[in-house]
Amino acid sequence: MNLLLLGAPGAGKGTQGALLAERYGIPKISTGDLLREAVREGTPLGQKAKSYMDAGELVPDEVMLGLIQEVLTEDGTPDEAVERGFVLDGFPRTLRQAEGLDRLLDEIGRPLDAVIVVSVPDDVLIRRLSGRRTCANCGAVYNVYLEPPRTAGTCDRCGGPLVERPDDTAATVRRRLEIYQEQTEPLIAYYERSRTPVYRVDGDRPVEEVQRAIMGLLES
Ligand code: AP5
């Protein structure tokens, strides 16, 4: 199953992507997670990406296309990790990235099976992002208002400390939402014009309900 999740910041792409990955035994490829790891490790990619991410801007297309090629392919064939499929979360975000992805998937003979668009109203997105906390140890995602951990500040799964993302400040969130509307939302129409099925899901419901709706569409 080769899946792509599209949606605004805070729509729940990461949350639903992790559930889909578990359900189908395939990797979730989150470009945001890959970039944050690169920033933490201080690699050349991380050094290039950090200022864009902190400002809520997009990392340049050529950097992102290079990164996704590295993750998905190995000498023009699918990378071993994606042999059984993948869930893309956070890529593509621009028309140029979408066209580049199409070429790449064509080259390795792994077209997308479905695009899932998760929609959530802006006021809910802002509340979700301001309450998001992530485990610094295992990456599990919580929300202090909506999906709180059992013990404040501590991960239910591994006991690690929960931290806020630096780009979840009010001003940066506003910029990320603007960029989504200007550059990423038009990709919905791009995929609707393609042969790939596009499923729209109301993401303003409890996590399990959103998950059931997505599975229902994929398995119907
Ligand atoms: P990225 O990490 O991809 O951030 P994003 O797209 O802004 O998405 P988020 O991770 O904020 O939200 P999400 O939809 O995954 O929601 P989540 O499940 O976490 O990118 C970060 C930055 O990296 C970008 O700004 C850019 O600079 C750079 N970047 C990355 N990819 C790039 C690319 N391709 N090109 C250029 N630059 C790129 O949920 C959010 C919160 O809501 C959580 O607290 C969660 O617990 C809660 N929640 C989720 N679902 C529900 C629900 N149903 N009900 C209640 N609460 C819920």
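Strands β1 and β5 pair in the parallel sense, with four bridges between them. This pairing belongs to a predicted model, and the report that follows starts from the sheet around β1 before turning to the cores, the ligand and selected residues.

**The sheet**

Within the pairing of β1 and β5, Asn 2 has Phe 86 of β5 as its bridge partner. Strand β1 also pairs with β6, again in the parallel sense, and five bridges join the two. Here Leu 3 is matched with Ala 114 of β6.

These strands are part of an open sheet of five strands, which follow one another in the order β2-β5-β1-β6-β10 with parallel pairing. At the edges stand β2 (28-30) and β10 (198-202), each of which pairs on one side only. On average, neighbouring strands of the sheet are turned by 20° against each other, direction ignored. At the edge formed by β2, three bridges connect this strand in parallel to β5 (residues 86-89). One of the residues involved is Lys 28, whose bridge partner in β5 is Val 87.

How much of β1 is buried? Six of the six residues of β1 are buried, and the strand is described as mostly covered. Asn 2, Leu 4 and Leu 6 point one way from β1, while Leu 3, Leu 5 and Gly 7 point the other way, and all are buried. Helix α9 (residues 207-219) lies across β1 (2-7), β6 (114-119) and β10, and runs at about 160° to β10.

**Nonpolar cores**

The largest nonpolar core contains 52 residues, and those with the most contacts inside it are Leu 20, Leu 72, Phe 86, Ile 116, Tyr 191 and Leu 218. Helix α4 (residues 61-72) contributes the most to this core, giving six residues. A second, separate core has five residues, including Cys 135, Ala 140, Tyr 142 and Leu 162.

Leu 20 illustrates how distant parts of the sequence come together in the largest core. Apart from its neighbours within four places in sequence, Leu 20 is in contact with Leu 3, Leu 5, Ile 26, Val 87, Ile 116, Ile 214, Met 215 and Leu 218.

**The ligand**

The ligand is surrounded by 36 residues, the closest being Thr 15, Glu 57, Arg 93, Arg 132 and Arg 176. The table lists distances from oxygen atoms of the ligand to atoms of three residues.

| Residue | Atom in the residue | Distance to a ligand oxygen atom |
|---|---|---|
| Gly 14 | backbone N or O atom | 2.8 Å |
| Arg 132 | side-chain N or O atom | 2.7 Å |
| Arg 165 | polar side-chain atom | 3.0 Å |

**Arg 132 and its surroundings**

Arg 132 is part of strand β7 (residues 132-135). Is Arg 132 buried or exposed? Its relative accessibility is 16%, so Arg 132 counts as buried, the cut-off being under 20%. Not counting residues up to four places away in sequence, Arg 132 touches Val 141, Tyr 142, Asn 143, Val 163, Glu 164, Arg 165, Asp 168 and Arg 176. Glu 70, by contrast, lies 29 Å from Arg 132 in space, C-alpha to C-alpha, and the two are 62 residues apart in sequence.

Asp 168 is located in the loop between β9 (162-163) and α7 (170-184). Because its relative accessibility is 6%, Asp 168 counts as buried. The side chain of Asp 168 makes a polar contact of 3.0 Å with the side chain of Arg 132. Beyond its neighbours within four places in sequence, Asp 168 is in contact with Leu 129, Arg 132, Val 173 and Arg 176.

Asp 167 is found in the loop between β9 and α7. With a relative accessible area of 9%, Asp 167 is buried. A polar contact of 3.0 Å joins its side chain to that of Arg 165. Leaving out residues up to four places away in sequence, Asp 167 touches Met 53, Thr 172, Val 173 and Arg 176.

**The residue Glu 219**

Glu 219 belongs to helix α9. Its relative accessibility of 42% is the reason why Glu 219 counts as partly exposed. Other than neighbours within four places in sequence, Glu 219 is in contact with Arg 23 and Tyr 24.

Technical notes
Residues numbered from 1 in each chain as written. Predicted model: local features only at pLDDT ≥ 70, side-chain atom pairs only at ≥ 80, totals over all residues. Heavy atoms only, no water. Core = buried A, V, L, I, M, F, W, Y, C linked by side-chain atoms within 4.5 Å. Buried < 20%, exposed > 50% of the residue type's maximum accessible area, 1.4 Å probe, protein only. Contact = heavy atoms within 4.5 Å. Pairing = 2+ DSSP bridges. Axes fitted to C-alpha atoms, helices over the stretch in contact; angles between N-to-C directions. Near = heavy atom within 4 Å. Polar contact = N/O pair within 3.5 Å; in protein donor to acceptor, adjacent residues only side chain to side chain.
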